[in-house]
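Me: I am new to this structure and would like to go through it in questions and answers. Please show it to me before we start.

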Amino acid sequence: MRERGSGGPDGGRRSVTVRVARWSALHPWRAIVGWFVFVVLCLGAGITAGMNSATSEDFQVGEAGRAEAMATEGDLQIKPLEQILISARDGRLDERAADAAVRDVTRRMRALPEVDEVGAPVRARNGDVLRVPVTLKGPEQEGKKNVVPLQEATEKARKAHPEVVIEETGAASVSKGVNDQRGKDLAFSEMITLPVTLVTLALVFGSVLMVGVPLLLAITSIMATMGLAMLASHLLPDTGVGMNMILLIGMAVGVDYTLFYLKREREERARGGGRLSAGALVETAAATAGRAIVVSGLAVIVSTAALYLAGDVIFDSLATGTILVVAVAVVSSVTALPAMLVKLGQRAERRAARRRERGKPVKPYAEKEPGRVWNVLLAPARKRPALTLCLAVLALVGLSLPALDMKLKDPARDSFSREIPAMQGYDRLLAAYPDLRLRFLVVARSTPERSGDVVRALRALHDEATADPLFADRAEPQIKTSADRRISTLDLGARHATYSEEAARTLDHLRDDHLPATLGRLDGVETAVSGDVPRGIDYVDHQNDKLPLVLGALLLLTFAMTVYAFRSVVLGLLGVALNLLSAASALGLLVLVFQGEWAEDLLSFVSLHGISSRVPLFLLVILFGLSMDYQVFVVSRIREAALNGVPTRKAVIDGIASSAKVVTSAAIVMVTVFASFVMLHILEMKQMGFVLAVAVLVDAFVIRVMILPAALLLLGRATWWPSKAVRRAEERIARGYGAPADAGGDTEGDAEGDLGGVRPPTAWTGARAGR
């Protein structure tokens with residue numbers, strides 16, 4: 001039996017979403033099997049291709065990046081350096097035991113193919129600690145892969161010399177420790193997220209089967225995306241954060257999109273009163289919620305693409321992971337989901353038929369009306385929209401004010417969790433050798449003939465810098481020159497924390513004072529400075545330079561997507577303003593919590609006295625996309641009612657009330673996913689999780705419950721300007737003609753994004769579909 005679709009009497013006007021849903025409804029097993037085959041193929045292809053990780057060159061930014069490129073040209077680049085510490089278990093260090101341990105460690109390390117050089121042991125000033133510097137082969141980014149054999153050798157040496165303490169630390173071992181900790185954290189996050197998601201879905205649908213559908217689609221979407229991300233990494237290298245975003249965003253939007261679709265299918269089932277078949281219900285949902293999902297997903301993809309304008313490999317990785325997982329979640333929601341709902345609907349129909357055959361009553365499905373709580377929450381906007389709008393906006397502006405004092409900082413090694421063994425060794429290393437805390441690499445490039453002048457200028461620079469109290473006092477300058485005598489480097493140290501104000505002033509002194517006074521006097525010599533602090537500061541400056549471009553593109557794209565979705569310039573401007581307000585208030589709360597020290601014990605972090613430099617830009621882009629989820633779903637319900645002749649005021653109130661339950665449920669799922677990241681050890685992920693959770697709460701319970709309805713009620717019919725479709729629909733009702741089958745004759749087109757432009761088919765397909 002073929003059923004009429006939701007495109008109105010003119011079947012040719014059906015959208016792609018409806019046609020795909022119709023095919024899935026008519027061939028459910030093909031669609032379901034096809035989806036799982038797609039997941040397996042994506043994952044298999046990704047595993048076969050492998051992950052292409054970013055190299056050191058991909059991270060080079062600003063002057064620090066230029067210094068590293070010049071150093072690499074002369075084979076003088078910063079290489080992964082591990083430190084093997086040997087100390088006493090109690091009291092003074094036994095010289096004989098320490099010497100034996102040093103000889104054993106040196107022998108083991110030199111035997112490893114991953115090791116480039118093992119330096120002579122260096123004794124701390126207090127005499128209680130020895131360190132053996134071990135330089136790894138290859139660039140810095142490969143250090144965390146190559147360090148495993150070194151850690152195994154250190155462990156063997158530790159067991160062979162129980163009379164002393166032997167431990168290993170360094171950038172490579174710390175990076176590996178961070179990666180291992182990240183994996184454990186994500187597993188812990190899933191343990192928290194899944195139960196809360198299950199309970200939320202159970203409360204919404206009251207069915208174990210219905211609870212399983214969103215989770216199944218979200219998890220399989222994440223699996224497919226992981227495979228696609230591995231393939232994509234061969235075009236845009238992965239930095240290790242892309243998979244985090246796939247898990248973070250995938251679970252959130254995967255469940256949300258399924259919720260939107262299921263909600264509409266259940267509403268149509270209740271409205272149809274049993275007259276519609278499972279296929280007709282699914283097709284109806286596709287014509288409304290399905291379109292909302294497609295446009296919402298497209299909005300997230302388009303807004304996230306603005307991150308590519310930042311010109312940064314980390315943001316490229318974040319954007320790629322987010323775009324892929326949202327696209328896959330949309331595909332699953334408009335292909336596999338309709339097929340699953342048809343099979344579940346047919347199962348319910350068979351059970352109902354058996355009950356009728358036995359003479360037992362079949363309880364008709366009825367969608368619950370919004371409860372008392374939601375009526376109370378919506379009452380201020382409904383009764384006093386102007387006052388509600390003013391007070392809510394003022395409250396969010398007040399929360400936004402701390403963001404004006406935001407200080408962006410690049411999170412460095414000092415901010416990592418002390419639960420990582422290598423970080424414990426790092427603290428003991430710096431306690432014994434404070435001069436190793438900061439490293440500045442001064443790079444100079446000239447002609448071979450000027451090599452002698454350059455080396456003399458570097459010695460003068462060393463003498464001048466070490467006389468500066470901001471720098472560490474090293475007796476001998478550490479100068480290296482390339483084999484072709486074109487590149488020379490000087491290694492300088494300081495004792496400040498990498499994200500401290502003193503570290504920034506040290507770099508300023510070096511670049512602005514000491515370099516011009518020494519190397520700067522030589523004509524034709526190119527100089528640049530790198531190291532942890534220069535990298536971080538140059539990275540923040542690079543982001544600040546790109547911020548206007550990214551933000552401008554984001555605002556323009558969000559405005560264009562909203563106008564495309566609703567044919568309304570007013571709604572486009574309103575959407576941009578509300579998103580900015582939501583993001584600003586979330587950033588204000590982020591500064592209040594993380595820039596100071598009062599919440600350190602509460603949330604288990606060490607304050608940078610600033611915000612991780614990647615968090616604000618990431619929040620703006622992701623939040624603008626995710627906010628479209630709620631906006632598209634809520635406003636499409638309002639517009640649908642308005643196009644069917646319902647007065648705008650009533651359409652606003654009814655549309656927001658009817659979508660309240662699913663928006664709340666979706667927000668709870670998103671907040672749970674994001675808030676679970678607050679419990680992670682990595683400060684940057686903790687800040688991202690916090691700011692996204694707060695932003696979603698503000699968006700769902702303040703923007704969509706108070707500000708949006710109040711603004712729409714005050715705007716009235718002007719909400720839809722310049723579209724005249726709503727006015728024509730109201731005029732038809734006033735003349736007594738009733739709402740047209742195609743929702744008011746919206747001649748402005750029935751594009752995929754023209755949400756609400758098609759009246760649900762229940763009224764005119766019910767009798768036929770129920771036969």
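Me: Which residues make the nonpolar surface patch of about 430 Å²?

Reply: This is a predicted model, and the answer applies to that model. The patch is nonpolar and lies on the surface, with an area of about 430 Å². The residues that make it are W29, V33, V37 and L41.

Me: Is V37 buried, partly exposed or exposed?

Reply: V37 has its place in helix 2, which covers residues 28-49. Its relative accessible area is 41%. Buried means under 20% and exposed means over 50%. Because 41% falls in between, V37 is partly exposed.

Me: Which residues form the positive surface patch?

Reply: The positive patch is built from arginines and a lysine. One of its members, R351, has its place in helix 11, residues 336-357. The full set is R347, R350, R351, R354, R355, R358 and K360.

Me: What is the relative accessible area of R351?

Reply: R351 is partly exposed. That class lies between the 20% limit for buried and the 50% limit for exposed. For R351 the value is 47%.

Me: Is L708 buried or exposed?

Reply: L708 has its place in helix 23, residues 683-715. Its relative accessible area is 2%. Since buried means under 20%, L708 is buried.

Me: Which residues does L708 touch, not counting residues up to four places away in sequence?

Reply: One of the partners, L574, is 134 residues from L708 in sequence. In space, L708 and L574 are 8.5 Å apart, C-alpha to C-alpha. With residues up to four places away left out, L708 touches L574, L578, V634, V635 and I703.

Me: Among contacts between residues at least 6 apart in sequence, what percentage joins residues at least 24 apart?

Reply: The pair L708 and L574 is one example of a contact, and these two residues are 134 apart in sequence. For the chain, the count takes contacts between residues at least 6 apart and asks which join residues at least 24 apart. The share is 80%.

Me: What percentage of the 771 residues counts as buried?

Reply: The chain has 25 helices and 11 strands, and its C-alpha trace spans about 95 × 55 × 45 Å along the principal axes. Its accessible surface comes to about 31,300 Å², of which 59% belongs to carbon and sulfur atoms. A residue counts as buried under 20% relative accessible area. Of the 771 residues, the buried share is 56%.

Me: How far apart are the centres of the positive and negative side chains?

Reply: The chain has 89 positive and 82 negative side chains. Each set has its own centre, and the distance between the two centres is 13 Å.

Definitions and conventions:
Residues are numbered from 1 along each chain as its sequence is written. This is a predicted model: local features need pLDDT of at least 70, side-chain atom pairs count only at pLDDT 80 or more; totals for chains, interfaces and linings use all residues. Side-chain values use heavy atoms; hydrogens and water are left out. Patches are made of residues with over 30% relative accessible area and no salt bridge: like charges are joined within 9 Å, nonpolar side chains (Val, Leu, Ile, Met, Phe, Trp, Tyr) within 5 Å. Accessible areas come from the Shrake-Rupley method with a 1.4 Å probe; for residues, only the protein chains shown count as cover. A salt bridge is a side-chain nitrogen of Lys or Arg within 4 Å of a carboxyl oxygen of Asp or Glu. Lys and Arg count as positive and Asp and Glu as negative; His and the chain ends are not counted. The place of a charge is taken as NZ of Lys, CZ of Arg, CG of Asp or CD of Glu. Helices (H or I, at least four residues) and strands (E, at least two) are DSSP runs, numbered from the N terminus. Buried means under 20% relative accessible area, exposed over 50%, partly exposed in between (1.4 Å probe, protein chains only). Contact means heavy atoms within 4.5 Å.
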